[in-house]
Structures are given as C-alpha cells and as structure tokens.
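Trainee: Could you walk me through this one before I go back to the bench?
Mentor: Gladly; have the sequence and the structure open while we talk.

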Amino acid sequence: MKLTVEPKKDVYQPISRPPVRAAREGGSHGLGEYVPTIVVSAALVAAIQIASWFVPPYIIPSPAAILQATWHILTDDLGHVGITALRLFIAVAFAITTGVLIGIVMGTQPRVRPYLRSLVIIDTGIPALSWMLVAIFWFKDPEIRIFFILSVILIPFYALNVYDGIRALPKELIDMVESFRPSRWHVMRFLIGPHIVPYVFLTTKSVIGYAIRMVIFAELVASAVGIGARMNLAQSTFRIDTIFAWTLLLVIFNLTLQALVAALENVVLRYRPETEIR
Amino acid sequence: MSEAAAVIEIRNVSKAFGALTVAHDLNLVVRKGEIVALLGRTGAGKSTVLNMIMGNLSYDSGSIRVAGFDPYAEFRKLRGRLSVSFQQDRLLPWMTAVENASLGLRILGKSKAEALSVARTWLARVGLAGAEDKYVHELSGGMRQRVSLARALAVDPELVLLDESFSQLDHVTSKALRADFSRVVREFNKTCLFVTHRIDDAIEMADRVLVLEHGASMVLEERIVDDDRTDGERRATLHGRIAAAMGGQDSE
C-alpha cells in the first residue's frame, strides 16, 4: 500500500518535540506554580468582599453568601453537575471519534480531501448560536439538541488538527514503514494512530473550556436540567449568589478536567523527553 | 563450483526524469551471501539505484529483479524478503527499542510476544542487551542506529539494503557498528547492498565495490579480499583506485 499524504516537513528529527509539548510542560516544577493562582484568587475574593460592602447583595453578594450557595449546590444540586459532565463527556467522546476519522480520511484520501476540508471549514464559520437555534427547531429531545450542538461545534477542531498532524508526518517514517510492505491497517496501527495522539490531546486541552461554555449555553436555551438550566433558574429568581456559586464550580470543573487530561496525556505520551528551555 | 543465485539482478536499466538521465543502461548483479558496496560521488545515481531496488521508483527500460520479483510492479511480493536501514535511524519515538526492532515482524503478521522475543535476540546480537525497554530519546545516536539495523535484520530478509547507515555516526561508533554488522551479516549468510560515500566503509565491509558515475554508469568494480583490509600497502592502493574512480571524492 502506498500512503498518500502531503508531507509538511522534510527533515525528521526523532528527539525533537511536537509543538504541544510546551503547553504540556508549562512549568510543572512543584507547588511554586500554584502561588500566582492562589494570589490572584485571594485578590478576587478580597475585591468581591470589598465591593459587597458598597453595593446591594443582589448586585454583588459577599464571599460568605457565595460559599453558602456553593454548599447548597454541593448538597442538593450535585446531580445537575453530573448531568452536565455526562453530556460533555459523551459529546466530546463522539467529537473525538468522528473528528479523528474525518481528519484521517482528509489526510489519507486525496480525492475526498478537498470536499471534506471545505465542509469542515464551512462548519467552523457557522456561529454556535446559529446551531443552537437550529437545534431547537430540528430536535424535540433536549438531550439530542445538546449533543448535536456540541458535536457540530467540536468535530471540526479535531478533524482539522488531526489532518494537520497527518500532514506533519515525516516522509522518512512513511518510507521506513512502507519498506516492510505493510497493509493499510498496519500503517494506521503503527504509524498514523500513535502519531496523531498528541494532536488529539492538544485539541482536547484547547477546546475543553470552550466545550464547557457551549454545554452550559446549550443547557440554558435548550434544557430543563444541568448546570446551564440551573443558572437560568437562578437568574430568573434573582439568586446572584447562586450564579456566582455555579460560576465558581464551573471554574473548578474546568481546572479539574484540564488536570485530568494533562495527567492522562503524561501517561499516554510518556515516551516524550522532558525538555528544559534555558 | 556453481555461482550463487542472484538476489539482485539489474539488466540494461535506464531511468530519466524529463531531460535528466539518472541511470543509463545499468547492469548490476548481487549474489546470495555477498556484501556489495555502491559508491559514487554526489549525484552519481546511487540513491536512484537504491530506490529502484526498493521498489519506490519505477524504471523506463530494462529489467530489475529482486529475489525473483520486479520490486516496483510486484511491490507487495517482496514483503519479508527485503529490508532497509536508512541514513537516519527512523525509529518511531513512541516505541521502545525492542518495539522498534520488532516493527517489521509485527507488520509481517507475527504475534506481539513472538516479535518481541525475536527482536530481543537481535538487539542482543547488535550489542544492545539491557537497552530493550528504553525509548528512542534515551538512546545515543549509535544505539539508535543499532536498533535500526536490528529492525532490518529481525525480519530475516533475503536482502538487506543500507543507505549510508553509518555516515552520521562518529568515527569510533561507526567503526564498531560496521564490524558488528559485517559479523552478523556473514554469520547469517545475508545478502547486503550498501550505499556509501566513504571508501573505508566499503573496503572494511564489502566483498565487492562498485563505483558509479553520473548517469549511474559503472566505472569500477573491485573484488575485495581480506588482504586488502589488513595489508596497509594494498589497502592504500585500493583506496587510491576507488578514490580516482570517484573523481578524487571521499568524505574521510
């Protein structure tokens, strides 16, 4: 089998790191890296506290009120977090699977590539809000609406990055593998599959915050359960402390997911060398 | 005594890229168990010849047979019969040394356990026992090239092609690796064609040296015997003849 890709690089440097490396390493050198986050968080809490002395509680609630609302959510409304997390997980898993498949087809099938690429690029140009409104018209079931919205928004990111990853596959490695006369499956199994894994992680880390915002927004307009729906309820009942509490939990949720993805990446991509830039 | 069977047989092969002739009426035979060095100055057509033998490049006229098959038209039929070690090690960074060495075997359909077992044996043969589980970035340049050679040999091919496989290594590492490779290739009676621009590599490893000039036409064929390697005077004379055929070009 002859693999047809558009090589992006001419020279393969086996110990050089892919661009995603820098983002992953981001200075993981102990507790010191958390100090700025703690300082900024403390400053924000102080600012909210000071502001709450001068404005009514329905504009800015005190940190104590926000903590109380947070506690209420954790004890009574945690199921909504689970629902949102499950929606997010299913949609991201589907987007990864579909986006990677589209990216692989784009990267390996030159005849289909221009059409798929055009389709994906047109998709990236459609505003998320348009998809949300269309989903409300098209689907009755809120779960399908949210799944559809997240999928059409996330799939292009994976497809384009995986396609780019395949283009970056060194021609030298393709020639080496082909010297053994592999089947298409072997090329996928031993070369393309492992090569695109860093690109999938990079995309996941890049889109996870965006995906959370999208699922919340989709829940807000298209569902009665989930964090977005609860935030909508809090807004309509003038519970700004609850909105602040949900916001706090969403930040924690985002950071936790980012940490989980980074931890998984460190395990899966353990073959990559640690690099220090002086 | 009858001659051994030809593993590579190139008859009257010509190849041109547009107006540029890169091979003209080339004839070349490599017999089973031979180690043949292909030398030539830059642009002589060494890589073209190697690519045609590998099946990566078609030819315009003549015929090429590798292990009895046309390497381009019958690309898949050479599966398991031919392997290549390149100038750069071309190891897969996500695999350990032993996984890299077992790659060809996995592609040939061996089970993972069997492929790893054979690969371990070959890594030991090329002097890498104990480094099997290291990732590529944990290996030195010489070690990586050894893994690359183990990967090429592990599939038990009829023909091993080397494309400047030692040229990026320092002198000491290159010399040790050449010696190990020659020993293993002779021990297992493999056929080997290697492309190099270093005359010393050719004299030390090859049974026969072929020098190409522009258009891949043969300008010198020298059979090497052990005395050519060990006798300083004979070696210097041979070196001079080869260098002259290459237009005085030798990287060392």
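The chat below goes through chain A, a pair of its helices, a strand of chain B and the contact between the chains.

Trainee: What kind of model is this, to start with?
Mentor: This is a predicted model, so please read everything we say about it in that light.

Trainee: How many helices and strands are there in chain A?
Mentor: The secondary structure of chain A comes to 11 helices and zero strands, and from the N terminus on its elements therefore read α-α-α-α-α-α-α-α-α-α-α.

Trainee: And how much of chain A counts as buried?
Mentor: Chain A has 278 residues, of which 32% count as buried. If you take the contacts in chain A between residues at least 6 apart in sequence, 77% of them join residues at least 24 apart.

Trainee: Let's pick a helix pair. At what angle do α4(A) and α5(A) cross?
Mentor: Helix α4 of chain A, residues 78-108, and helix α5 of chain A, residues 113-125, have axes that cross at roughly 140 degrees and come within 8 Å of each other. That angle makes α4(A) oblique to α5(A), because only angles over 145 count as roughly antiparallel.

Trainee: Is that crossing left-handed or right-handed?
Mentor: The crossing of α4(A) and α5(A) is left-handed.

Trainee: Which residues meet there?
Mentor: From α4(A) come A:I102, A:V105 and A:M106, and they meet A:R113, A:L116, A:R117 and A:V120 in α5(A). Sorted by class, this contact has five nonpolar residues, no polar ones and two charged ones.

Trainee: Switching to chain B, which way do the residues of β5(B) point?
Mentor: In strand β5 of chain B, residues 82-85, B:L82 and B:V84 point one way while B:S83 and B:S85 point the other way, and all of them are buried.

Trainee: What does β5(B) pair with?
Mentor: Its partner is strand β6 of chain B, residues 159-163; the two run parallel and are joined by four bridges. Within that pairing, B:S85 stands opposite B:L162 in β6(B).

Trainee: Last topic: how many residues does each chain give to the contact between them?
Mentor: Chain A gives 16 residues and chain B gives 23 residues. On the chain A side, the elements that give two or more residues are α8 (171-178) and α9 (184-222), and α8(A) gives the most, with four residues.

Trainee: What about the classes on that side?
Mentor: The side of chain A that touches chain B has 11 nonpolar, two polar and three charged residues.

Notes:
Residues are numbered from 1 along each chain as its sequence is written. Chains are lettered from A and ligands numbered from 1 in the order in which they are written. This is a predicted model: local features need pLDDT of at least 70, side-chain atom pairs count only at pLDDT 80 or more; totals for chains, interfaces and linings use all residues. Two residues are in contact if their C-beta atoms, placed from the backbone, lie within 7 Å. Ala, Val, Leu, Ile, Met, Phe, Trp, Tyr, Cys and Pro count as nonpolar, Asp, Glu, Lys and Arg as charged, and the others, Gly among them, as polar. A residue is buried if 20 or more other C-beta atoms lie within 10 Å of its own, exposed if 12 or fewer, and partly exposed in between; C-beta atoms are placed from the backbone. Two strands pair if DSSP finds at least two bridges between them. Axes are lines fitted to C-alpha atoms, for helices over the stretch in contact, and angles run from 0 to 180 degrees between N-to-C directions. Angles under 35 degrees count as roughly parallel, over 145 as roughly antiparallel, 65 to 115 as roughly perpendicular and the rest as oblique. A crossing is left-handed if the near helix is turned anticlockwise from the far one by less than a right angle, and right-handed if clockwise.
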